[in-house]
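Biologist: Let us go through this model by question and answer. Please keep the answers short.

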Amino acid sequence: MEDKIKVPTMAEMLANGESPDILFWVGCMGSFDERSQKITKAVVKILNHAGIKFAVLGTEESCNGDPAKRSGNEFLFQMMAMNNITILNGYNVKKIVTACPHCFNTIKNEYPELGGNYEVLHHTELIQSLINDGKIKVEGGSFKGQKITFHDPCYLGRGNDIYEAPRNIIEKLDVELIEMKRSRAKGFCCGAGGGQMFKEPEKGNKDVNIERTEEALSLNPQIIATGCPFCMTMMTDGIKNKDKENEVKVYDVAELIANAMDL
């Protein structure tokens, strides 16, 4: 199965005199985090299956700068952003898709003022458009009839008003989509944003991800779905904390689709 995954780099495409329709921005988590690499592979399988001409930057891709900016180091953010923009503009990139709402938000909303103007899509938006255009077909599949709740990533939902795309995709799986009390515009953070992922929690009576996990578990779902590798880590840790790993699984929306299509 793994040998089917073909991922050309922008440099390779340029050497062949080609240019892709979409640049897939993988992100730090999607590149280096073992769990998030599965999300990356799912997105690649979907793009390949749909016949989308895409490429990645490979070793030329570096962090988008979001953790530095959110942690208060604007100077470092601008250095990182300018470096990425120089590379992207050098390849004349027009359209970018990413599976990380942090990369998505930063490149879409904060790169333009530094000279980086691109059409940026979150992977759930792209997958929905592929389904709408008939390029991929999803009919039930292995998750049929299961109870799934979707956790809204902050930068996808409240940050960019993308609430329906992931839910529309999940409903294609013929599942029971159940909503947490705090969802959509009233969603609740997983606890990783703003650089919190990389530091010890501050004093309080409960970790944020435990609070969110308890809210999800109160619905008795079989699957907690999300669209962000940071949320994936926090919700997975929450499930482990509650010793529910055998009963409840955490999946990215792309993984649900790739698995349902048996890619």
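Modeller: A salt bridge here is a side-chain nitrogen of Lys or Arg within 4 Å of a carboxyl oxygen of Asp or Glu. Note that the model is predicted.

Biologist: How many salt bridges does the count come to by this rule?

Modeller: The rule was given above: nitrogen and oxygen within 4 Å. Applied to this predicted model, the count comes to 16 salt bridges.

Biologist: Which residue does Arg-167 meet in a salt bridge, and where in the chain does the partner lie?

Modeller: The N to O distance of the pair is 2.6 Å. Arg-167 sits in helix H8, and the pair links distant parts of the chain, twelve residues apart. The partner lies in the loop between strand E6 (176-178) and helix H9 (208-217). That residue is Glu-179.

Biologist: Is Arg-167 buried or exposed?

Modeller: Buried means under 20% relative accessible area. Its partner Glu-179 has 28%, so Glu-179 is partly exposed. Arg-167 has a relative accessible area of 1%, so Arg-167 is buried.

Biologist: Which residue forms a salt bridge with Glu-215?

Modeller: The closest N and O atoms are 3.2 Å apart. Both residues lie in helix H9, three residues apart, about one turn of the helix. Glu-215 is buried at 11% relative accessibility, and the partner is buried at 0%. The partner is Arg-212.

Biologist: Which residues do salt bridges with shared partners join into one network?

Modeller: The pair Glu-215 and Arg-212 belongs to it. Glu-214 and Lys-206 also meet in a salt bridge, at 2.8 Å from N to O; Glu-214 is partly exposed at 28%, and Lys-206 is partly exposed at 39%. The network joins Arg-182, Lys-206, Glu-211, Arg-212, Glu-214, Glu-215 and Lys-242.

Biologist: Now the helix packing. Are H8 and H11 roughly parallel or antiparallel to each other?

Modeller: The axes of H8 (residues 164-171) and H11 (residues 253-260) come within 10 Å and cross at roughly 25 degrees. Angles under 35 degrees count as roughly parallel. The crossing is left-handed. H8 and H11 are therefore roughly parallel.

Biologist: Into which classes do the residues of the contact of H8 with H11 divide?

Modeller: H8 brings Pro-166, Ile-169 and Ile-170. They meet Val-253, Leu-256 and Ile-257 of H11. No polar and no charged residues take part; the contact divides into six nonpolar.

Biologist: What orientation does H3 have to H11?

Modeller: Helix H3 (residues 34-49) packs against H11 with the axes 8 Å apart, at an angle of about 55 degrees. The crossing of H3 and H11 is left-handed. The angle makes H3 oblique to H11.

Biologist: How many charged residues has the contact of H3 with H11?

Modeller: Arg-35, Lys-38, Ile-39, Ala-42, Val-43 and Ile-46 contribute from H3. Ala-254, Glu-255, Ile-257 and Ala-258 contribute from H11. By class there are seven nonpolar and no polar residues, and the charged ones number three.

Biologist: Leaving aside its neighbours within four places in sequence, which residues is Ala-11 in contact with?

Modeller: Ala-11 lies in helix H1 (residues 10-15). At 36% relative accessibility, Ala-11 counts as partly exposed. Lys-135, 124 residues apart from Ala-11 along the chain, is separated from it by 27 Å between C-alpha atoms. The contacts of Ala-11 are Glu-60 and Tyr-91.

How values were computed: Residues are numbered from 1 along each chain as its sequence is written. This is a predicted model: local features need pLDDT of at least 70, side-chain atom pairs count only at pLDDT 80 or more; totals for chains, interfaces and linings use all residues. Side-chain values use heavy atoms; hydrogens and water are left out. Axes are lines fitted to C-alpha atoms, for helices over the stretch in contact, and angles run from 0 to 180 degrees between N-to-C directions. Helices (H or I, at least four residues) and strands (E, at least two) are DSSP runs, numbered from the N terminus. Angles under 35 degrees count as roughly parallel, over 145 as roughly antiparallel, 65 to 115 as roughly perpendicular and the rest as oblique. A crossing is left-handed if the near helix is turned anticlockwise from the far one by less than a right angle, and right-handed if clockwise. Contact means heavy atoms within 4.5 Å. Ala, Val, Leu, Ile, Met, Phe, Trp, Tyr, Cys and Pro count as nonpolar, Asp, Glu, Lys and Arg as charged, and the others, Gly among them, as polar. Buried means under 20% relative accessible area, exposed over 50%, partly exposed in between (1.4 Å probe, protein chains only).
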